[in-house]
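Biologist: Could you pull up the model, so we can go through it together?

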Amino acid sequence: MKTSIYKIQSNRALRSDIYEMKLKGDTSSIKAPGQFVNIKIEGLYLRRPISICDWDQNQLTIIYKVVGEGTERMARMAPGQELDILGPLGNGYDLDKIEAGAKEKRPLLIGGGVGIPPMYGLAKALLDRKVPPEVILGFNKSEEIFYEKEFKDLGVDVKVTTANGSYGIEGFVTDATKNPGYVCACGPEPMLKAVWDKAENGQFSFEARMACGFGGCMGCSCQTKYGAKRICKEGPVLEKEEILW
Amino acid sequence: MKTSIYKIQSNRALRSDIYEMKLKGDTSSIKAPGQFVNIKIEGLYLRRPISICDWDQNQLTIIYKVVGEGTERMARMAPGQELDILGPLGNGYDLDKIEAGAKEKRPLLIGGGVGIPPMYGLAKALLDRKVPPEVILGFNKSEEIFYEKEFKDLGVDVKVTTANGSYGIEGFVTDATKNPGYVCACGPEPMLKAVWDKAENGQFSFEARMACGFGGCMGCSCQTKYGAKRICKEGPVLEKEEILW
Amino acid sequence: MVDTRVRLSGLTLENPVIPASGTFGYGKEYTEFYDINILGSISFKGTTADPRFGNPQPRIAECSQGMINSVGLQNPGLEAVINKELPELAKIYKKPVIANVSGFSIEEYAKCAEAMDRQQQVGIIEVNVSCPNVHDGGMAFGVLPESAAEVTKAVKAVTKKPVYIKLSPNVTDIVSIARACEEAGADGLSLINTLLGMRIDIKRRQPVIANKMGGFSGPAIFPIAVRMVYQVAKAVNIPVIGMGGVSSARDVVEMMMAGATAVQVGAANLVNPYACKEIIEELPLLLEELGIDRLEDIIGIAE
Amino acid sequence: MVDTRVRLSGLTLENPVIPASGTFGYGKEYTEFYDINILGSISFKGTTADPRFGNPQPRIAECSQGMINSVGLQNPGLEAVINKELPELAKIYKKPVIANVSGFSIEEYAKCAEAMDRQQQVGIIEVNVSCPNVHDGGMAFGVLPESAAEVTKAVKAVTKKPVYIKLSPNVTDIVSIARACEEAGADGLSLINTLLGMRIDIKRRQPVIANKMGGFSGPAIFPIAVRMVYQVAKAVNIPVIGMGGVSSARDVVEMMMAGATAVQVGAANLVNPYACKEIIEELPLLLEELGIDRLEDIIGIAE
Ligand SMILES: Cc1cc2nc3c(=O)[nH]c(=O)nc-3n(C[C@H](O)[C@H](O)[C@H](O)COP(=O)(O)OP(=O)(O)OC[C@H]3O[C@@H](n4cnc5c(N)ncnc54)[C@H](O)[C@@H]3O)c2cc1C
Ligand SMILES: Cc1cc2nc3c(=O)[nH]c(=O)nc-3n(C[C@H](O)[C@H](O)[C@H](O)COP(=O)(O)OP(=O)(O)OC[C@H]3O[C@@H](n4cnc5c(N)ncnc54)[C@H](O)[C@@H]3O)c2cc1C
Ligand SMILES: Cc1cc2nc3c(=O)[nH]c(=O)nc-3n(C[C@H](O)[C@H](O)[C@H](O)COP(=O)(O)O)c2cc1C
Ligand SMILES: Cc1cc2nc3c(=O)[nH]c(=O)nc-3n(C[C@H](O)[C@H](O)[C@H](O)COP(=O)(O)O)c2cc1C
Ligand code: FES
Ligand code: FES
């Protein structure tokens with residue numbers, strides 16, 4: 001964990017309000033998919049936490065949705081610009097546990113909205129381990145869909161759900177699976193809860209408003225079965241059995 | 001008076017801590033030398049007031065000394081960058097009065113340190129009126145000298161004083177003139193006071209910490225014989241006889 | 001079309017955006033930038049009975065996202081304001097204005113208010129019991145419920161126009177002061193005035209401001225202002241004009257959701273003379289984006 | 001070489017830079033960024049008698065040049081702090097530390113202080129009578145001279161270590177509270193704690209923070225902190241630890257010229273984990289530039 005300077009290599013709109021940014025810089029400390037980075041944006045006080053979507057030796061990919069001032073500014077950034085980034089942060093998904101938990105059935109990765117990006121890195125990591133996952137991507141409507149092709153290009157099974165049925169399976173991510181076994185999920189809290197209710201076991205990634213992102217302020221703490229955990233440090237990924245709703 | 005966007009054309013060091021910046025933009029409202037502009041600097045709250053040194057149809061020249069955060073940032077700016085500038089502001093020198101006041105002797109322009117830049121524009125304006133001025137430029141030591149050549153290139157008489165005698169006349173600006181007649185001066189307050197004591201008549205340009213620069217806040221008010229005046233609006237140039245020390 | 005009107009004690013403003021006292025003079029300087037008749041109203045520079053030069057120079061200091069001023073109520077005095085400034089203001093601005101008055105004694109407040117009561121264009125009298133820039137008096141009245149109430153009563157006794165008391169944020173319990181003013185008959189409250197602040201010039205090893213301390217305002221104080229507007233609006237039944245760091249249409253909406261019926265814009269005008277104009281233009285677009293048809297519906301909506 | 005040492009009640013700090021309570025945990029997280037032994041001291045997270053989770057989520061909001069937190073004194077409780085956190089802190093940090101303690105009753109303050117009195121590494125006990133994030137108690141003690149004095153006396157009675165009272169800025173007259181603490185036997189004062197602030201999410205039309213209000217800190221509050229440190233340092237004869245928005249060596253110098261003997265850095269650590277390190281490295285260079293040989297010489301130099 002450290003702060004370092006990354007240079008923007010590309011910053012393209014995947015749809016009107018979702019961007020994919022590729023950054024060149026030191027990725028050597030990234031330990032697991034599901035970790036995140038904390039991005040300093042000139043003129044704003046707090047850094048902005050964004051999940052790592054993908055990385056290789058010296059390139060980092062993030063995907064972000066424009067929801068406020070920080071992400072608006074990010075959307076206007078141009079290749080060549082440098083960013084002060086703190087990371088990698090958080091625990092990320094525990095691949096050993098996924099492998100162990102998904103002996104009978106294939107692991108199921110479920111992403112909703114901007115919970116999708118970390119599932120991409122996770123899918124790749126599982127493929128590397130020869131534990132090919134199944135993937136469900138949830139959207140509200142067909143116009144919102146992004147990264148379906150990128151997942152398919154990995155060679156994994158991908159199901160897409162849309163709440164209004166305009167594409168893929170009509171309904172929510174939970175409508176695309178009957179008896180989910182070991183699930184890794186990231187997305188809005190109501191989705192996480194619905195998946196949690198159904199899944200046998202798994203890992204769930206949470207969001208919280210953060211000040212530091214590295215465990216210094218207790219701003220992001222949540223209650224778990226094993227006491228308080230910091231989403232930024234002991235999270236963002238929690239085990240199914242420890243989660244208290 | 002309005003805010004508009006100017007583009008930096010050049011930004012060169014005249015000496016280690018003094019820079020000359022040329023800006024492209026609308027100069028059509030400039031009425032007189034001695035007016036100033038108020039520059040927005042990204043990340044700082046208040047604008048920075050800087051005198052207009054020179055201008056032509058679409059170019060503005062300013063000269064500034066690096067003394068704090070704002071001017072430090074300006075020194076790092078590169079050609080092509082755009083600046084949000086409010087101006088022209090203030091009254092500027094009254095050329096009619098100079099002409100009327102300098103019937104017997106030539107008008108004497110005295111600039112000290114960063115009080116020198118407005119004297120350049122003033123000298124040019126007086127030359128245009130066929131009222132060639134004499135100029136005295138005051139510095140502490142020879143290494144501090146700037147713009148001597150530029151003044152000479154205008155074809156005006158220029159005397160340079162240095163406090164330590166390392167160049168030109170040893171002493172202060174007042175040591176370079178016996179019986180100054182009509183004087184226009186800009187520089188540090190002790191210099192203005194010394195010149196004011198000696199001069200028959202003239203116009204003196206003052207500084208004040210400003211919030212708005214256009215008369216809205218009363219932040220810059222000073223007492224004069226005729227009541228309170230705003231340095232940014234009724235100033236920065238005051239007549240000799242109205243100044244209260 | 002979005003309805004941006006708001007009502008303040010019988011006055012209907014076209015929009016809630018009002019330049020704050022002391023940052024807009026009597027309007028004249030801003031006519032060079034835009035037609036000031038777009039403004040909801042104008043709170044003009046604080047008037048005292050006698051002319052005042054104010055405090056010695058320097059009286060401005062920069063801060064991170066804000067500024068300190070120690071202007072100290074510079075104004076030409078009641079007579080000149082009424083005979084010269086207000087007639088000139090009437091020429092350039094056609095709506096009711098807010099007369100901000102100050103004083104160093106209860107009598108002075110009453111004297112100023114009484115004179116303002118007779119000015120046709122004055123729609124509201126805003127009583128500044130909270131200026132941190134005058135040594136005795138001024139702020140002292142605003143930091144205790146009793147003295148704030150006393151000023152309120154004295155002013156109410158001499159005017160039929162709505163009286164708004166402008167509160168100081170430099171207090172332990174702004175709600176108790178707000179309540180005291182309401183009980184004393186205030187028709188509304190304006191808050192917040194500046195926070196007492198200080199900067200030191202580390203090269204000169206001296207305070208930047210000649211008066212040492214001054215009034216701190218600008219975006220930096222916005223979260224404190226929102227908090228106080230929220231607390232006060234929940235506690236009283238009279239309208240609150242919210243201010244403190246407002247610089248954008250978003251800030252206006254946030255202030256109103258906290259409980260403000262109208263909003264004043266101070267320091268923002270100084271660094272961007274078009275600030276109020278930009279806010280007024282942006283406001284209907286933002287409201288549309290947020291799905292708000294009638295601006296008045298959001299007053300105090302945040303629970 | 002510039003001498004950056006400062007003395008606090010018999011303790012000599014190598015430099016005046018101390019991470020502020022609640023923004024540095026027990027130091028561990030920061031060891032990943034730099035060797036924390038460069039720090040003048042550390043004020044660790046506020047301790048209460050019992051473990052506390054603190055307030056519900058969300059408890060962080062962004063502001064212009066600052067932030068609001070409503071963490072609400074999350075800590076593992078006195079026993080765990082003493083048996084687990086402090087022994088671990090002793091392994092990674094070798095100098096005396098500042099034990100920040102809180103309470104919901106006079107007895108709780110005394111209990112925490114008494115336990116801290118027995119901890120060898122604790123050099124100073126910092127008594128937080130000013131947390132705005134706990135509903136009853138906490139801040140209430142810090143807003144009245146009488147109750148602040150009462151807490152001071154109760155803590156002084158149970159410890160021989162220097163006792164610093166941490167004051168709230170959310171008061172009308174901080175000087176009266178400072179004086180009351182001094183008279184009650186305080187060895188020093190720490191100020192300021194956070195200002196009570198609030199933000200509203202205009203899309204959700206609700207306060208951002210679950211608890212509605214929270215403690216506002218960061219560069220935005222610096223001018224208020226400088227003013228209060230100046231007022232208090234002039235009024236008392238005990239050392240003042242200054243804080244509130246300090247983010248650079250320049251800020252440290254300004255705070256000390258206002259009267260602080262040492263300086264705490266809070267929010268700045270959160271947005272830049274290297275903040276204290278950078279300040280400590282920059283400080284001697286800045287002092288040299290300003291012609292200051294001995295840092296202690298500038299304490300309170302601004303008149
Ligand atoms: C561990 C983690 C991973 C994330 N990964 C992604 C991702 O890969 N892609 C993506 O689009 N978004 C992601 N988010 C959400 C993202 O952090 C917010 O959308 C972003 O901070 C909004 O910033 P803004 O300035 O545009 O919005 P504003 O609303 O202006 O932000 C104001 C403040 O609120 C915080 N905030 C606002 N929304 C959220 C949120 N949902 N979660 C946490 N803080 C928030 C901001 O960080 C900032 O401090 C992640 C959040 C967390 C905690
Ligand atoms: C009418 C006028 C014309 C000026 N013309 C010039 C010029 O042509 N060239 C030049 O180099 N300087 C000029 N100055 C001074 C210039 O404004 C300051 O040097 C500059 O604002 C310093 O900014 P800073 O951020 O570097 O310093 P900082 O000290 O960091 O500034 C902090 C605050 O103090 C203000 N301030 C600091 N010094 C002064 C000062 N001397 N006068 C007014 N405000 C100050 C700044 O504007 C800012 O608000 C002029 C000042 C005025 C009032
Ligand atoms: C330069 C200046 C002068 C002010 N003069 C007055 C005044 O005369 N009367 C008054 O009630 N408030 C005065 N104020 C306070 C403002 O009206 C307003 O309450 C405060 O600045 C907070 O708003 P802001 O953060 O938008 O500036 C003044 C503020 C500034 C910056
Ligand atoms: C996240 C956070 C937690 C805090 N927790 C405590 C605490 O436990 N005890 C305490 O005395 N102050 C606490 N504070 C206040 C700080 O110690 C400091 O007084 C305040 O933040 C002002 O300094 P700053 O502007 O540098 O942050 C906390 C501040 C923050 C930002
Ligand atoms: S955000 Fe600071 S501890 Fe998690
Ligand atoms: S700087 Fe505002 S009136 Fe002169």
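What follows is a short chat about a ligand site and a pair of chain copies in this predicted model.

Biologist: Which element gives the largest share of the shell around ligand 2?
Modeller: Three elements of chain B give two or more residues to that shell: strand 4 (48-51), strand 6 (59-65) and helix 1 (69-75). The largest share is four residues, and the element behind it is strand 4 of chain B.

Biologist: Okay, and which residue has a polar side-chain atom 2.9 Å from a nitrogen atom of ligand 2?
Modeller: Let's sort the polar contacts by atom. B:R48 has a polar side-chain atom 2.6 Å from an oxygen atom of the ligand, and B:P49 puts a backbone N or O atom 2.6 Å from an oxygen atom as well. For the nitrogen atom, the side chain belongs to B:S51.

Biologist: How many charged residues does the shell around ligand 2 have?
Modeller: There are 19 residues around the ligand, and B:R48, B:P49, B:G70, B:T71 and B:R209 come nearest. By class, ten in the shell are nonpolar and four are polar, while the charged ones number five.

Biologist: Now the copies: what kind of axis relates chain D to chain C?
Modeller: A turn of 180° with a shift of 0.0 Å along the axis lays chain D on chain C, at an RMSD of 0.0 Å. The two copies are therefore related as by a two-fold rotation axis.

Biologist: And what share of the interface residues of chain D are also interface residues in chain C?
Modeller: The copies meet through the same surface, because the share is 100%.

Methods: Residues are numbered from 1 along each chain as its sequence is written. Chains are lettered from A and ligands numbered from 1 in the order in which they are written. This is a predicted model: local features need pLDDT of at least 70, side-chain atom pairs count only at pLDDT 80 or more; totals for chains, interfaces and linings use all residues. Side-chain values use heavy atoms; hydrogens and water are left out. A residue is near a molecule or strand if one of its heavy atoms lies within 4 Å of it. A polar contact is a pair of N or O atoms within 3.5 Å; within protein, one must be able to donate a hydrogen and the other to accept it, and residues adjacent in sequence count only if both atoms are side-chain atoms. Ala, Val, Leu, Ile, Met, Phe, Trp, Tyr, Cys and Pro count as nonpolar, Asp, Glu, Lys and Arg as charged, and the others, Gly among them, as polar. Copies are superposed by least squares on the C-alpha atoms of residues with pLDDT of at least 70 in both. Contact means heavy atoms within 4.5 Å.
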